[in-house]
Amino acid sequence: MLESRKIPNSFLHFTLRAIHDIMGGNGLNSILNMTGLSKFRDNFPPNNEEIESEAADIGRLVKGAMDLIGQNGVKAILKNAGHRGYRMSLDENPELMNAMAAELKKLPTDRERIASLMGAITYDSNRIFGEQHQELVALEDGFEVRIAECEWCWGITGMGGPVCFAELGLEEEAIFWATEKHYDITEIACRAMGAERCIFRIAGRPRD
Ligand SMILES: [Zn+2]
């Protein structure tokens with residue numbers, strides 16, 4: 001039995017909201033019924049950073065959505081959730097984020113901007129989830145973000161492809177914010193496929 005693991009309420013809030021906005025109320029309710037999560041029907045956890053929600057609930061939602069609409073549909077929904085989650089952090093802490101944007105603008109290259117911003121996100125994530133949780137590794141070409149006990153695939157096993165699309169969406173949005181360019185990000189290892197950690201590869205060059 002997987003141990004219980006708490007995550008910020010906003011993670012679950014944005015996942016539920018993205019499913020609702022893309023699949024409609026009926027679509028969301030089907031998934032909630034299927035996964036035994038009817039307690040969230042018209043009753044989302046609040047949109048805040050309190051560490052009160054269960055990672056396992058995200059796992060159950062992702063797995064349920066995957067069974068119902070398949071990988072591509074889920075990818076669109078969860079990337080949307082990740083984009084919103086990042087934009088919310090901009091809206092919630094405008095002074096902090098404006099100060100950070102001004103600092104990032106002073107850096108001469110995208111690579112330095114990505115290193116700086118993803119470093120700050122990694123630091124923040126480790127503050128919430130514990131020291132060894134997330135690691136940012138600079139490669140010769142691009143970066144890797146490695147997440148030890150990834151909250152986006154918590155409890156999901158036996159998948160044929162990666163499922164942590166919300167993390168992809170969040171990183172995409174963050175890097176676009178920092179560089180004003182689109183960098184491709186690929187999840188190259190996922191715990192839902194049996195990997196030890198989830199690993200996200202950030203391309204060394206922007207998309208054309
Ligand atoms: Zn994962």
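## Exercises on a predicted model

Just past the end of helix α1, Gly-36 has a positive phi of about 70°. Keep in mind that this is a predicted model. Now let's work through some exercises.

**Exercise 1. Work out how far apart the ends of α1 are, and where α1 bends.**

Step 1: Count the residues. Helix α1 has 26 of them.
Step 2: Work out what a straight helix would give. At 1.5 Å a residue, a straight helix would reach 38 Å.
Step 3: Compare that with the model. The end C-alpha atoms of α1 are only 22 Å apart, so the span falls short, given that the expected span is 1.5 Å times one less than the number of residues.
Step 4: Look for a bend. You'll find one of about 120° at Gly-24 in α1.

**Exercise 2. Do the same for α2: find its span and the place where it bends.**

Step 1: Start with the straight version. For 38 residues at 1.5 Å a residue, a straight helix would span 56 Å.
Step 2: Check the ends. Between its end C-alpha atoms, α2 spans only 23 Å.
Step 3: Find the bend. Helix α2 turns by about 120° at Gly-70.

**Exercise 3. Describe how α1 and α2 meet.**

Step 1: Locate the helices. α1 covers residues 9-34 and α2 covers residues 55-92.
Step 2: Get the distance and angle. Their axes come within 7 Å and cross at roughly 145°.
Step 3: Give the handedness. The crossing of α1 past α2 is right-handed.
Step 4: Sort the residues of this contact between α1 and α2. There are 17 nonpolar, 6 polar and 2 charged ones.

**Exercise 4. Which residues of α1 are buried, and what covers them?**

Step 1: List some buried residues. Among them are Phe-11, Leu-12, Phe-14, Leu-16, Ile-19, Leu-28 and Ile-31. Ser-10, His-13 and Thr-15 are also included.
Step 2: Look at the cover. It includes the strands β1 (6-8) and β2 (51-54), along with the helices α2 and α5 (165-179).

**Exercise 5. Is Gly-169 buried or exposed, and what does Gly-169 touch?**

Step 1: Place the residue. Gly-169 sits in helix α5.
Step 2: Count neighbours. Gly-169 is buried because it has 25 C-beta neighbours inside 10 Å, and the cut-off for buried is 20 or more.
Step 3: Find the contacts. Setting aside residues up to four places away in sequence, Gly-169 touches Leu-78, Lys-79, Asn-80, Ala-81, Gly-82 and His-83.

**Exercise 6. Find where Asp-42 and Glu-180 lie, and give the phi of each.**

Step 1: Recall the background. Most residues other than glycine have a negative phi.
Step 2: Take Asp-42. Asp-42 is in the loop between α1 and β2, and its phi is positive, about 50°, although Asp-42 is not a glycine. Asp-42 counts as exposed because it has 9 C-beta neighbours inside 10 Å.
Step 3: Take Glu-180. Glu-180 lies in the loop between α5 and β5 (183-189), with a positive phi near 60°. Glu-180 is exposed, with 10 other C-beta atoms within 10 Å.

**Exercise 7. Work out the surroundings of Met-159.**

Step 1: Place the residue. Met-159 is in the loop between β4 (143-147) and α5.
Step 2: Judge its exposure. Met-159 counts as partly exposed because it has 17 C-beta neighbours inside 10 Å.
Step 3: List its contacts. Leaving aside neighbours within four places in sequence, Met-159 is in contact with Cys-190, Ala-192 and Met-193.
Step 4: Check one distance. Met-159 and Gly-194 are 35 residues apart in sequence and 8.1 Å apart in space, C-alpha to C-alpha.

Technical notes:
Residues are numbered from 1 along each chain as its sequence is written. This is a predicted model: local features need pLDDT of at least 70, side-chain atom pairs count only at pLDDT 80 or more; totals for chains, interfaces and linings use all residues. Axes are lines fitted to C-alpha atoms, for helices over the stretch in contact, and angles run from 0 to 180 degrees between N-to-C directions. Helices (H or I, at least four residues) and strands (E, at least two) are DSSP runs, numbered from the N terminus. A crossing is left-handed if the near helix is turned anticlockwise from the far one by less than a right angle, and right-handed if clockwise. Ala, Val, Leu, Ile, Met, Phe, Trp, Tyr, Cys and Pro count as nonpolar, Asp, Glu, Lys and Arg as charged, and the others, Gly among them, as polar. The bend at a residue is the angle between axes fitted to the seven residues ending there and the seven starting there. A residue is buried if 20 or more other C-beta atoms lie within 10 Å of its own, exposed if 12 or fewer, and partly exposed in between; C-beta atoms are placed from the backbone. Two residues are in contact if their C-beta atoms, placed from the backbone, lie within 7 Å.
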